[in-house]
Amino acid sequence: QIGLAGNLRDYVLITHTGEAKEGSEIHTFDGLPVGYTSSPIEIINYVSAHDNETLFDVISVKTPMNLSVDERCRINHLASSMMALSQGIPFFHAGDEILRSKSIDRDSYNSGDWFNKLDFTYETNNWGVGLPPSEKNEDNWPLMKPRLENPSFKPAKGHILASLDSFVDILKIRYSSPLFRLSTASDIKQRVRFHNTGPSSVPGVIVMGIEDARDEKPEVAQLDANFSYVVTVFNVCPHEVSMDIPALASMRLELHPVQVNSSDALVGKSVYEAATGRFTVPRRTVSVFVEPRC
């Protein structure tokens, strides 16, 4: 949540224990503060970069052997969506959008085109072209070999094209509203709110609301000519999730037009019920709901 809020050091959120904490008071596993910026323009959000494994390769190593390639592709898009819809500056490693693989090479600086290939014909993502060079990878060859040899790990062209389509969709959503691109800390603190927090929160789901000028909040300046409110639900669970958010009931929220027309059949099943503020979001899906201006 702090990352989605631009990693602001003084952004306050409610933790799973019910405590109110600033970003600087929440720490990573090695003790560093998660929140450390004074402005969203200071942060570059990324989930993979030129060094270390590609996003697809990390997912392929960290998930169970029997997980389908379809689910790995959904996780890949889920991670990219979190970067795209965070406050701050998003950074995407070349090929994230087409499931790029370096056959799990963790440092491909001297690995040549064989492992660094980017196939813009979308026929292959370069998975399983061989065991990566020994210098930085040999210790992990026993982990890599059965995965790289397993044909069920390799995406087909249809997976790659679907991933590209979904990536373009999420970029269109980011640029459909300036609410996803707030430039000051004060705007983020005034407009961005997280729901599904505290001890009763549903694990694996983040609900982020971003507010613009509305009749009941005239003190909030209008930034968006099209939407007065945006709610993004990140469901990382391997199953559909439904939850009532009373604070978001009685609104005119509807699924973002880009996702209504998406080639991803699952995201189109996302539903908001105004009477109870209930959101239903399919497995491993990021759903964006918007309140159009009258």
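**Figure 1. Lys-189 counts as partly exposed in this predicted model, at 31% relative accessibility, and its side chain forms a salt bridge with Asp-10.** The closest N and O atoms of Asp-10 and Lys-189 are 2.9 Å apart. Asp-10 belongs to the segment before β1 (12–14), whereas Lys-189 belongs to helix α7 (residues 185–191), so the pair ties together parts of the chain that are 179 residues apart in sequence. Asp-10 also counts as partly exposed, with a relative accessibility of 30%. The salt bridge shown here belongs to a structure that holds twelve salt bridges, and the general principle is that side chains of opposite charge can pair when their charged atoms come close.

**Figure 2. Arg-74 and Asp-264 meet through their side chains in a salt bridge, with an N to O distance of 3.2 Å.** This pair links distant parts of the chain, since Arg-74 sits in helix α2 and Asp-264 in the loop between α8 (257–260) and β10 (271–273), 190 residues apart. The cut-off for a buried residue is a relative accessible area under 20%. Arg-74 therefore counts as buried at 15% relative accessibility, and Asp-264, with a relative accessible area of 17%, is likewise buried.

**Figure 3. Glu-291 and Arg-214 form a salt bridge between their side chains, at 3.0 Å from N to O.** Because Glu-291 lies in strand β12 (residues 285–292) and Arg-214 in the loop between β6 (205–211) and β7 (227–235), the pair ties together parts that are 77 residues apart in sequence. Both Glu-291 and Arg-214 are buried. A further view takes in a network of salt bridges that links Asp-187, Arg-191, Asp-212 and Arg-293.

**Figure 4. Helix α2 (residues 69–84) and helix α6 (residues 157–174) have axes that come within 10 Å and cross at roughly 20°.** Angles under 35 degrees count as roughly parallel, and α2 and α6 are therefore roughly parallel to each other. The crossing in which α2 passes α6 is right-handed. On the α2 side, the residues that meet α6 are Val-69, Asp-70, Cys-73, Asn-76, His-77, Ser-80, Ser-81 and Ala-84, and their partners in α6 are His-159, Ser-163, Ser-166, Phe-167, Ile-170 and Arg-174. By character, the residues of this contact of α2 with α6 divide into five nonpolar, seven polar and two charged.

**Figure 5. Helices α1 and α2 pack at an angle of about 125°, their axes being 10 Å apart.** That angle makes α1 oblique to α2, and the crossing of α1 and α2 is right-handed. The contact brings Leu-55, Phe-56, Ile-59 and Ser-60 of α1 together with Arg-72, Ile-75, Asn-76, Ala-79 and Ser-80 of α2. The residues of the contact of α1 with α2 comprise five nonpolar, three polar and one charged. Asn-76 and Ser-80 of α2 take part in this contact with α1, and Asn-76 and Ser-80 are also among the α2 residues that meet α6.

**Figure 6. Helix α1 (residues 55–62) has buried residues at Leu-55, Phe-56, Asp-57, Ile-59 and Ser-60.** The cover over the buried residues of α1 includes α2 and α5 (141–148). Among these buried residues, Leu-55, Phe-56, Ile-59 and Ser-60 meet α2.

**Figure 7. Ser-103 and Asn-196 are two residues other than glycine with a positive phi, near 55° for Ser-103 and near 55° for Asn-196.** Most residues other than glycine have a negative phi. Ser-103 is placed in the loop between β4 (89–90) and α3 (112–116), and with 0% relative accessibility Ser-103 counts as buried. Asn-196 lies in the loop between β5 (192–195) and β6, where Asn-196 counts as buried at 12% relative accessibility.

**Figure 8. Glu-149 occupies a place in the loop between α5 and α6.** With a relative accessible area of 55%, Glu-149 is exposed. The C-alpha atoms of Glu-149 and Trp-127 are separated by 9.5 Å, although the two residues are 22 residues apart along the chain.

Notes: Residues are numbered from 1 along each chain as its sequence is written. This is a predicted model: local features need pLDDT of at least 70, side-chain atom pairs count only at pLDDT 80 or more; totals for chains, interfaces and linings use all residues. Side-chain values use heavy atoms; hydrogens and water are left out. Axes are lines fitted to C-alpha atoms, for helices over the stretch in contact, and angles run from 0 to 180 degrees between N-to-C directions. Helices (H or I, at least four residues) and strands (E, at least two) are DSSP runs, numbered from the N terminus. Angles under 35 degrees count as roughly parallel, over 145 as roughly antiparallel, 65 to 115 as roughly perpendicular and the rest as oblique. A crossing is left-handed if the near helix is turned anticlockwise from the far one by less than a right angle, and right-handed if clockwise. Contact means heavy atoms within 4.5 Å. Ala, Val, Leu, Ile, Met, Phe, Trp, Tyr, Cys and Pro count as nonpolar, Asp, Glu, Lys and Arg as charged, and the others, Gly among them, as polar. A salt bridge is a side-chain nitrogen of Lys or Arg within 4 Å of a carboxyl oxygen of Asp or Glu. Buried means under 20% relative accessible area, exposed over 50%, partly exposed in between (1.4 Å probe, protein chains only).
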